[in-house]
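Student: I am new to this structure and should like to understand the terms applied to it. May we go through them one at a time?

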Amino acid sequence: QNQILHYFENRDRETLYFDFESWRLSKLLELFIPKLKVSSIYDISLDTLRDMGIKGMITDLDNTLVGAKEPHATPELLSWLKKLDDYGFRVVIVSNNHLPRVEAFAKPLDMPFIHRARKPRNQSFLTALSLLELPREQVVVVGDQLLTDVFGGNRLGLYTILVKPIALQDEGWPTRINRRLEKLLSKFINH
């Protein structure tokens, strides 16, 4: 406690302001850092998640589960989803894409989904938590974008996992803009 008082007593107002702003910036940048980074969803250790007390997953669709232009689940994805079910994980898709795209993918899988989620806004994540009927500490967010999936999940204190995008060439222009911003952001954070 004396060290803290000594620190503040020996600083002028401008230095204190700069220190505070630097601290705020570092806290903001931390929101863009995933807790785990893997190549694909298939590299996520379900045993580790279960051991952490995780029981639910909020996952992005495009370039996380399948390529952005892939209309349906691949056989490999179906096998992985079956494994999630065997482990007892509840899953909900949260996508910024429009209803026809997300519904055509999720309905055959009988999987709950949120379309036009407007990630990173909180509401879609809160709605997903409600659908999962789980507290935040038991839910993980999986996605391929820092600006939507990781930032949105971290803001709510969810465990975030960043995967490499499956098919960059299939992305629309809004996502391509996000990728450029992510590249710039990556210069300020080590993830």
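Tutor: Certainly; please note that the model is predicted. Lysine 187 lies in the segment after α8.

Student: Why does lysine 187 count as exposed?

Tutor: Its relative accessibility is 68%. Exposed means over 50%, so lysine 187 counts as exposed. Lys187 also belongs to a surface patch of positive charge, together with Lys69, Arg176, Arg180 and Lys183.

Student: What makes leucine 181 partly exposed?

Tutor: Leucine 181 is placed in helix α8, residues 173-186. Its relative accessibility is 44%, and partly exposed covers the values between 20% and 50%; leucine 181 therefore counts as partly exposed. With Ile177 and Leu184, Leu181 makes a nonpolar surface patch of about 270 Å².

Student: How many aromatic pairs does the structure hold?

Tutor: There are two aromatic pairs. One of them joins tyrosine 42 and tryptophan 80.

Student: Why is the pair of tyrosine 42 and tryptophan 80 called edge-to-face?

Tutor: The ring centres are 6.2 Å apart, with 80 degrees between the planes. Rings pair within 6.5 Å, and planes over 60 degrees apart count as edge-to-face, so both conditions are met. Tyrosine 42 is in the loop between β1 and α3, and tryptophan 80 is in helix α4, 38 residues apart.

Student: Which word describes tryptophan 80, buried or exposed?

Tutor: Tryptophan 80 has a relative accessible area of 6%. Because buried means under 20%, tryptophan 80 is buried.

Methods
Residues numbered from 1 in each chain as written. Predicted model: local features only at pLDDT ≥ 70, side-chain atom pairs only at ≥ 80, totals over all residues. Heavy atoms only, no water. Patch = residues over 30% accessible without salt bridge, like charges linked within 9 Å, V, L, I, M, F, W, Y side chains within 5 Å. Areas by Shrake-Rupley, 256 points an atom, 1.4 Å probe, with all protein chains shown as cover. Salt bridge = Lys/Arg side-chain N within 4 Å of Asp/Glu carboxyl O. Helix = DSSP H or I, 4+ residues; strand = E, 2+ residues; numbered from the N terminus. Buried < 20%, exposed > 50% of the residue type's maximum accessible area, 1.4 Å probe, protein only. Lys, Arg positive; Asp, Glu negative; His and termini not counted. Charge placed at Lys NZ, Arg CZ, Asp CG, Glu CD. Phe/Tyr/Trp six-rings, centres within 6.5 Å; stacked < 30°, edge-to-face > 60°.
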